[in-house]
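These are my notes on the model, set out as numbered points for you to read beside the coordinates.

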Amino acid sequence: MNATSAFERFATSYQVGDPATADVMSRCANDEVALALLPDDPSWDMPHRLLAGVRLLAARGEVDDFESAGDPWAVFRSVLVEHGDWIGRFVRDQTIQTHVVQRCWVLLPLFLTIAKASQKPLDLIELGASGGLNLLWDRYFYRYKAGTWGAADGSVELSGDERTPIPAELLDVQVTINRRTGIDLHPVDVTSQDGLRLLLAFRRDDRYEALLEHSAEILRQDPPELIEGNYIELLPEMLEKRDPSALTVVFQTHSTIYLPVEERRELRSIIETAGAEGPLGWISTPTPEEHGERRGDYPLELGIWPGGERKIVARTNVRATWLEWQEV
Ligand SMILES: C[S@@+](CC[C@H](N)C(=O)[O-])C[C@H]1O[C@@H](n2cnc3c(N)ncnc32)[C@H](O)[C@@H]1O
């Protein structure tokens with residue numbers, strides 16, 4: 001992929017939700033200043049990084065906000081011209097930091113399935129946790145066709161298009177979380193203003209932004225532990241030290257997609273080995289390549305050991321706005 005086609009593809013993904021930003025990205029595809037800020041053989045996400053870099057500068061008050069300007073492209077281009085060195089470095093070094101709190105809505109029924117089966121408190125380990133907001137899933141309020149789960153008192157409210165309903169009895173399951181640990185190559189500290197700004201710079205729509213801001217407020221009251229590092233390296237030792245009085249549940253959403261294929265296999269083998277050695281829960285959105293099924297859909301994979309067979313129990317989309325529950 002060259003820089004022009006990377007911008008064109010990214011512009012297409014914005015066309016429906018945000019045509020103004022799509023227009024700016026399309027113009028980048030034919031603009032020498034923008035093209036020069038991407039390497040010759042860019043990764044697919046680099047236009048997103050460039051857009052986020054410009055937004056971050058605006059959020060910090062260092063440049064005008066192109067999104068509220070009368071001529072967005074003129075403002076955007078002048079930022080590229082004036083801050084090209086910084087933006088070029090940001091594109092190279094800043095991995096994509098989307099953090100989709102809405103995903104908790106599709107994860108909750110899987111967590112409740114595990115909690116119901118184990119009857120133990122849970123120790124959560126999230127792989128690719130970003131800011132750790134999805135480690136707080138039990139503090140949010142959920143709506144499904146069969147009812148609600150959690151406390152509504154001003155918490156983050158999550159709902160969506162439930163194409164095949166989840167079983168009503170799951171909503172009676174209560175959970176206790178003993179530990180919450182996230183691992184990320186670049187954890188984002190959303191207790192700091194700049195950390196939250198970084199996540200907001202990768203925003204896709206207003207609801208995404210509102211959920212980030214609200215859940216960050218909740219996180220600040222009692223933040224989870226976030227460890228910086230590669231989970232392929234750190235996870236085996238963490239699993240060896242599991243607390244037998246709780247059930248450790250490892251989960252990941254949209255992180256293994258960034259791993260080389262051999263590391264995806266390695267992760268699967270780490271989980272199989274740990275499952276063979278003791279009780280474990282596993283929840284994951286495997287990549288389309290991993291499960292070899294329809295592109296665009298994301299299956300939700302569940303594993304509970306002992307006896308762990310990993311099964312696809314539901315389907316969703318990348319933004320987790322719909323859910324199709326399958327029988328467990
Ligand atoms: C697209 S974000 C998803 C964040 C969050 N799981 C969600 O669904 O909102 C992917 C995250 O995975 C992290 N990541 C990718 N590969 C990793 C690895 N090998 N070890 C630790 N973190 C990794 C990235 O740094 C990034 O924060």
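Where does Pro306 lie?

1. Please bear in mind throughout that this is a predicted model. Pro306 is found in the loop that runs between strand E10 (298–305) and strand E11 (311–316), and the peptide bond leading into Pro306 from Trp305 is cis, with omega near 10 degrees. This deserves a remark because most peptide bonds are trans.

2. A second backbone feature concerns Ser130, which belongs to the loop between strand E1 (122–127) and strand E2 (141–144). Although Ser130 is not a glycine, its phi is positive, at about 55 degrees. Most residues other than glycine have a negative phi.

3. Turning to the ligand, I find that 19 residues surround it, and that the closest are Val100, Arg103, Gly128, Asp184 and Thr253. By residue class, the shell around the ligand is made up of 5 nonpolar, 11 polar and 3 charged residues.

4. Several polar atoms of the protein can be placed against the ligand individually. In the side chain of Arg103, an N or O atom is 2.6 Å from an oxygen atom of the ligand, while a polar side-chain atom of Glu126 is 3.4 Å from a ligand nitrogen atom. Tyr231 takes part through its backbone, where an N or O atom lies 3.1 Å from a nitrogen atom of the ligand. The ligand taken alone exposes 600 Å², and the protein buries 97% of that area.

5. As for the site itself, the ligand sits in the largest pocket, which holds about 1,500 Å³ of space. This pocket is lined by 44 residues, of which Trp44, Ile96, His254, Ile257 and Tyr258 are the closest to its centre. The lining divides into 16 nonpolar, 17 polar and 11 charged residues.

6. Which helices each supply at least two residues of that lining? They are helix H1 (3–14), helix H4 (46–59) and helix H12 (288–291), and the largest share, 4 residues, comes from H1. When inspecting the pocket, the reader may therefore wish to keep two lists apart, since the residues around the ligand are those with a heavy atom within 4 Å of it, whereas the lining residues have an atom within 4 Å of a grid point of the pocket.

Notes: Residues numbered from 1 in each chain as written. Predicted model: local features only at pLDDT ≥ 70, side-chain atom pairs only at ≥ 80, totals over all residues. Heavy atoms only, no water. Polar contact = N/O pair within 3.5 Å; in protein donor to acceptor, adjacent residues only side chain to side chain. Areas by Shrake-Rupley, 256 points an atom, 1.4 Å probe, with all protein chains shown as cover. 1 Å grid on protein atoms, 1.4 Å probe; cavity = no way out; pocket = protein on both sides within 12 Å on 5 of 7 lines; lining within 4 Å. Sits in = over half its atoms within 2 Å of the grid points. Nonpolar A, V, L, I, M, F, W, Y, C, P; charged D, E, K, R; others polar. Points joined across faces, edges and corners; volume = space filled by probe spheres on them.
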